[in-house]
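Please open the model in your viewer and keep the sequence panel beside it. The tour below moves from selection to selection and says what to look for at each stop.

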Amino acid sequence: MSSFVSSISSTCSTKSNSSHTSIDSHRTTPTPPPSSDEQKEAHHGQRPKTYFHFVVAGGSYAAINTVKMICKNIIPQGIVKNPGFRVKITVIAPNKEAYWNVAAVRLIAEPELLKTHAEHIFFPLEKSMRQHLPSTPPNTPDHILEFIQAKVMSVDSHANVLTYLKLNDSGTSNNGNDFFCHTVSYDKLILATGASSSSPAFKLNGSSELTKAALRELQQSTKNASSICIVGAGGVGVELAGELGYKYGFQKKILLYSAFDGTLERLKHRIADEAIHKLKNLGVETVTNARAISAYKEKKPIVGTRINTTSLASQPESDEALQPPLSPTFGEDLESRHTRFSLPAPKKPFLRSKFSHDNLSLRTMSTNTTTPSSPLRNNSASSGRSVTSDSSSVISASSNPRTVVAFENGYKESFDCYIPTTGNIPNSSYLPHSCLDNNGYVITDPYLRMAHNNPHRNIYVYGDLVSGGSQTIADLSDNQKQTFRATLLHDVLGPADDSESREYPLRRYKPSSITYYIPISRKGGVGQTIHGFQIPGFVVSLVKGKHFRLNESKNFLLK
């Protein structure tokens with residue numbers, strides 16, 4: 001028992017004054033604790049090796065890019081300066097597989113792709129990373145890559161210690177010894193934990209098994225539904241509406257709700273308006289200025305009865321409430337930030353005035369009431385747009401409870417299938433609030449070092465987690481990548497006193513300008529260049545809409 005307690009104490013304690021010499025003989029950094037393999041070597045009388053220890057938190061594009069960068073840039077140049085330079089990379093991620101989420105909307109509409117193109121969608125994370133690890137000369141220590149399936153719980157930046165909780169494939173903590181948190185020390189810590197989406201189908205919000213389950217559930221629910229509600233009119237919402245409209249046409253009632261005056265907020269209005277027109281041609285109707293605040297399951301399914309959705313306003317809310325859609329705003333009431341979209345029934349076309357683009361009013365035609373019942377009712381005074389809709393519910397052929405979506409002004413409507421596609425939530429809960437901006441993203445200096453609570457200047461941020469970043473694969477692979485690589489080279493191989501280095505100059509980060517490609521089914525889409533010019537629909541289809549770049553996924557996640 002005493003030896004067991006001693007072992008636990010030695011593993012969990014962190015000696016902030018322990019150090020080893022890195023490439024520069026004057027640079028000292030904390031010695032990482034022995035890994036399980038090193039402990040085995042020590043048990044058999046072999047002395048553990050000393051490594052420059054990188055800890056990478058995250059399991060998607062940014063984390064894979066980080067490992068590539070260390071293996072292809074840091075290690076080769078480090079060995080040139082010091083042939084004995086060896087690196088240990090510890091990757092901590094909740095998922096064992098990387099996910100090509102660019103094609104998520106196509107996967108929901110075409111389930112067979114999960115079988116026919118599986119090798120282009122999910123990639124074994126450890127294998128993807130380990131293949132980049134360079135070999136070493138015979139009879140010399142190897143570089144080490146260790147993968148730990150776990151969730152980051154906290155970071156002690158003063159002691160250079162990260163705390164994590166081990167997980168299993170279902171995304172929950174393991175039983176037994178793995179129930180307790182573990183710690184790992186680092187020389188350099190790279191935070192690449194990204195952001196979570198409103199549904200695991202659109203991003204890895206945990207393990208890849210959760211994402212696969214979410215995809216299967218959405219595939220089945222959209223197939224069985226008579227009415228589909230998509231909440232959120234950004235790129236994902238518009239693309240998904242286009243995919244479902246292309247597949248089901250006017251066979252189903254498909255509604256897209258937007259909290260603002262239009263869709264695709266980052267595009268010019270005339271380009272975004274064209275997206276609404278293209279969706280209408282596919283049987284999808286769009287309602288703007290309609291902010292949804294919550295969604296919940298009805299207590300009892302409505303079967304064989306035709307009802308008007310205005311009556312839902314008087315029904316008590318179900319105790320079986322669903323979590324409201326995620327909001328991109330951090331530290332505020334999530335419900336106050338939700339966005340939703342809705343369309344009139346296919347037989348009642350969506351009308352937008354050609355002369356005024358400031359407002360939209362939705363009026364419900366009902367024999368029971370003459371009072372407008374609409375998520376837009378409170379905004380109608382300042383509007384010139386109008387749309388008339390028969391919003392009575394379609395009879396449900398399913399025995400499953402329908403989902404009631406509640407809007408900001410009290411209006412409610414029920415749907416067979418409800419899909420939130422609202423903004424992302426940064427995965428930064430393990431950091432102090434002093435490190436974050438108002439939306440929960442991590443504030444960095446111009447060189448992607450964490451700006452606050454980083455006394456040793458050895459914590460870096462990469463990917464979607466960066467405050468003010470573009471949050472695109474293009475930016476991550478271009479401007480952000482160049483800045484991050486220059487910073488790592490400077491801080492690991494440059495002067496020990498952190499002075500300017502001619503050999504390894506720093507490069508300030510400036511978010512990349514973005515070219516947008518938004519497919520709206522296989523037939524085309526809308527797009528905008530970095531200079532604001534419209535991209536023809538056939539070009540959007542050719543670049544992205546045809547296969548959602550499945551043929552390129554290995555270049556980003558595997559090679």
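**The whole chain**

Of the 559 residues of the protein, 53% count as buried, where buried means under 20% relative accessible area, exposed means over 50%, and partly exposed lies in between, with a 1.4 Å probe and protein chains only. This is a predicted model, in which local features need pLDDT of at least 70 and side-chain atom pairs count only at pLDDT 80 or more, while totals for chains, interfaces and linings use all residues. Residues are numbered from 1 along each chain as its sequence is written, and side-chain values use heavy atoms, with hydrogens and water left out.

With the cartoon switched on, the protein shows 13 helices and 25 strands; these are DSSP runs numbered from the N terminus, helices being H or I with at least four residues and strands E with at least two. Of the contacts in the protein with a separation of 6 or more, 72% are made by residues 24 or more positions apart, a contact being heavy atoms within 4.5 Å.

**First stop: the seven-stranded sheet**

Select the seven strands of the open sheet whose order is S9-S8-S7-S4-S3-S10-S22, with mixed pairing. Two strands count as paired if DSSP finds at least two bridges between them. The edges are held by strand S9 (182-185) and strand S22 (459-461), and each has a single partner strand, so one side of each is left without a neighbour in the sheet. Neighbouring strands here are turned by 35 degrees against each other on average, direction ignored; axes are lines fitted to C-alpha atoms, for helices over the stretch in contact, and angles run from 0 to 180 degrees between N-to-C directions.

Begin at the S9 edge, where strand S8 (residues 161-166) runs antiparallel to S9 and is joined to it by four bridges; Val-161 has Ser-185 in S9 as its bridge partner.

Next, select strand S4 (residues 87-93), in which seven of seven residues are buried. Both of its faces are covered, with Val-87, Ile-89, Val-91 and Ala-93 on one side and Lys-88, Thr-90 and Ile-92 on the other. On one flank, S4 pairs in the parallel sense with strand S7 (residues 144-156) over six bridges, and Val-91 stands opposite Phe-147 in S7. Strand S3 (residues 52-57) also runs parallel to S4, joined to it by six bridges, and here Val-91 is the bridge partner of Val-56.

Val-56 leads onward, since its bridge partner in S10 is Ile-190, and S3 and S10 pair in the parallel sense over four bridges. In S10, Lys-188 and Ile-190 point one way and Leu-189 and Leu-191 the other, and all are buried. From there, three bridges pair S10 with S22 in the parallel sense, with Leu-191 standing opposite Val-461.

**Second stop: the helices on this sheet**

Now add helix H3 (residues 61-81) and helix H11 (residues 479-493), which pack at an angle of about 35 degrees with their axes 10 Å apart. The residues of their contact divide into seven nonpolar, five polar and three charged; Ala, Val, Leu, Ile, Met, Phe, Trp, Tyr, Cys and Pro count as nonpolar, Asp, Glu, Lys and Arg as charged, and the others, Gly among them, as polar. Those to show as sticks include Met-69 and Ile-74 in H3, and Phe-484 and Leu-488 in H11.

H11 lies across S3, S10 and S22, running at about 170 degrees to S22.

Which residues does Tyr-61 touch, not counting those up to four places away in sequence? Select Tyr-61, which lies in helix H3, and its contacts appear, among them Tyr-99, Trp-100, Ile-473 and Phe-556. Tyr-61 is buried, with a relative accessible area of 12%, and its C-alpha atom is separated by 7.8 Å from that of Ile-473, 412 residues apart along the chain.

**Last stop: a three-stranded sheet**

Finally, select the open sheet of three strands in the order S23-S24-S25, where the pairing is antiparallel. Strand S23 (516-519) and strand S25 (534-535) stand at its edges. Four bridges pair S23 with strand S24 (residues 525-528), and Ile-518 stands opposite Val-526 in S24. Helix H9 (residues 269-281) packs on this sheet, touching S24 and S25, and its direction makes about 170 degrees with that of S24. Helix H12 (residues 537-545) also packs on the sheet, touching S23, S24 and S25, at about 90 degrees to the direction of S23.
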